[in-house]
Amino acid sequence: MDKRLILVKYGEITLKGLNQHYFLETLMKNIRYAIKGIEDAKVSKIQGRITINDVKAEDEAEVISRLKKVFGIVAIVVARECEADMDSIKAVALEIMKDKENCTFKAEAKRGNKAFPYTSPQIAKMVGAHVLVNTETITVDVHNPDYTLTVEVRNKAYVYCDDIPCEAGLPLGTGGSGALLLSGGIDSPVAGYMMNRRGMKICSIHFHSYPYTSLEAQKKATDLAQKLRPYNMGMTLINVSVTKIQEEIIQKCDESYLTVILRRFMFRIAEKICEQRDISALITGESLGQVASQTIESINCTNAVVSLPILRPLIAHDKNEIMALARHIDTYDISIRPFEDCCTVFVPKHPQIKPSLEKVELQESRLDVDALVQEALEGIEIVRIR
């Protein structure tokens with residue numbers, strides 16, 4: 001008697017040696033979180049795989065949709081589990097393929113159970129021949145088949161057609177914690193996604209200049225955080241007003257230094273938030289040379305005010321690559337809404353492209369930096385997105 005289940009494949013975890021158990025247990029915990037609320041679904045571990053059993057037919061598509069956003073999963077398949085004997089395997093393989101007409105296929109096998117009396121090539125050959133003999137419109141194409149029929153022999157046998165690709169990466173929570181400087185633009189949500197993919201749990205910090213920026217701009221940030229939520233398994237969004245800081249910079253500093261000084265304030269504030277929340281790194285969506293604030297000289301000036309690591313996963317990406325990723329995670333259409341963020345409201349006509357740290361610090365000496373940072377911290381708004 002065979003049964004239907006979802007088989008979860010993981011990749012990079014297998015390279016973790018003695019730490020593999022930790023990564024695997026974290027992945028299973030994340031899978032349970034992702035499918036929470038799906039009645040009767042059960043997560044189990046078998047040799048080299050994770051299984052999700054007892055998923056009702058009407059819930060299967062929803063489970064698959066959720067699992068596709070769980071980092072650490074390379075692929076999932078809807079498989080049939082049967083006894084590890086050739087008669088059962090051949091019967092299930094034929095059952096899977098019999099409704100597929102006028103198509104090509106090839107058979108593959110993986111023998112995890114070395115006590116099984118046939119080798120992987122032998123299993124594939126026997127299964128392929130059985131399907132070919134017992135169907136009329138299916139032919140073999142080993143180079144470019146419409147379907148790949150796979151048999152995995154472990155304590156039980158698992159038979160399925162074709163993988164459903166997932167995000168891969170490392171399980172969320174195995175890469176520490178970071179704070180994403182989330183603007184309303186295209187780049188920063190992608191940077192957050194990329195750090196999630198390496199196992200880093202993030203919170204988001206959004207800087208705004210209300211009333212110079214609209215409430216719609218803040219809603220944009222909330223909507224972007226909502227899109228990142230499934231990848232991050234929940235999201236905390238921290239809204240910070242920098243209106244007073246920008247007004248002070250405009251009044252007391254050379255206009256051309258506005259952007260770099262503002263970013264230094266953002267980094268200072270973000271680091272304070274990280275200290276309060278035991279967060280280990282800052283994350284930005286900067287790409288080298290993309291705008292004036294992203295030259296190496298500007299980056300050095302902003303780095304100088306914090307001691308935490310600043311992670312820039314997009315630093316070597318061009319805009320087309322970033323936009324493709326934004327579309328992949330469904331943030332692009334939100335990011336291009338015509339509502340300005342705080343960095344685009346007061347743009348100097350001729351911003352400093354290669355600012356020196358000495359001159360930036362001289363400009364900042366005209367400001368009460370500590371008081372402005374403290375005032376911004378006292379006015380933060382925290383939004384928890386479940």
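A polar contact is a pair of N or O atoms within 3.5 Å. The model used in these exercises is predicted.

**Exercise 1.** Find which backbone nitrogen a side-chain oxygen of Asp318 reaches at the start of helix 10.

*Solution.* Go to the start of helix 10, which spans residues 319-328. There, a side-chain oxygen of Asp318 comes to within 3.1 Å of the backbone nitrogen of Asn320. Just after the helix, Asp330 has a positive phi of about 65°.

**Exercise 2.** Determine how the buried residues of helix 10 are arranged around its axis.

*Solution.* Begin with the buried residues: Ile322, Met323 and Ala326. Viewed down the axis of helix 10, the buried residues fall within an arc of 100°, so they line one face of the helix. An α-helix has 3.6 residues a turn, so residues three or four places apart point the same way. The cover over the buried residues of helix 10 includes helix 5 (187-197) and helix 11 (332-335).

**Exercise 3.** Classify the packing of helix 8 (residues 258-277) against helix 13 (residues 357-364).

*Solution.* The two helices pack at an angle of about 80°, and their axes are 10 Å apart. Helix 8 is therefore roughly perpendicular to helix 13, as angles of 65 to 115 degrees count as such. Helix 8 contributes Val260, Ile261, Arg264 and Arg268 to the contact, and helix 13 contributes Leu357, Val360, Glu361, Gln363 and Glu364. By type, the contact residues are four nonpolar, one polar and four charged.

**Exercise 4.** Decide whether Thr213 is buried or exposed, and list backbone nitrogens its side chain reaches.

*Solution.* Locate Thr213 in the loop between strand 11 (201-208) and helix 6 (215-232). Its relative accessible area is 3%, and buried means under 20%, so Thr213 is buried. Its side chain reaches the backbone nitrogen of Ser209 at 3.0 Å. A polar atom of the Thr213 side chain also lies 3.2 Å from the backbone nitrogen of Tyr210.

Methods. Residues numbered from 1 in each chain as written. Predicted model: local features only at pLDDT ≥ 70, side-chain atom pairs only at ≥ 80, totals over all residues. Heavy atoms only, no water. Buried < 20%, exposed > 50% of the residue type's maximum accessible area, 1.4 Å probe, protein only. Helix = DSSP H or I, 4+ residues; strand = E, 2+ residues; numbered from the N terminus. Arc of directions from axis to C-beta. Contact = heavy atoms within 4.5 Å. Polar contact = N/O pair within 3.5 Å; in protein donor to acceptor, adjacent residues only side chain to side chain. Axes fitted to C-alpha atoms, helices over the stretch in contact; angles between N-to-C directions. Parallel < 35°, antiparallel > 145°, perpendicular 65-115°, else oblique. Nonpolar A, V, L, I, M, F, W, Y, C, P; charged D, E, K, R; others polar.
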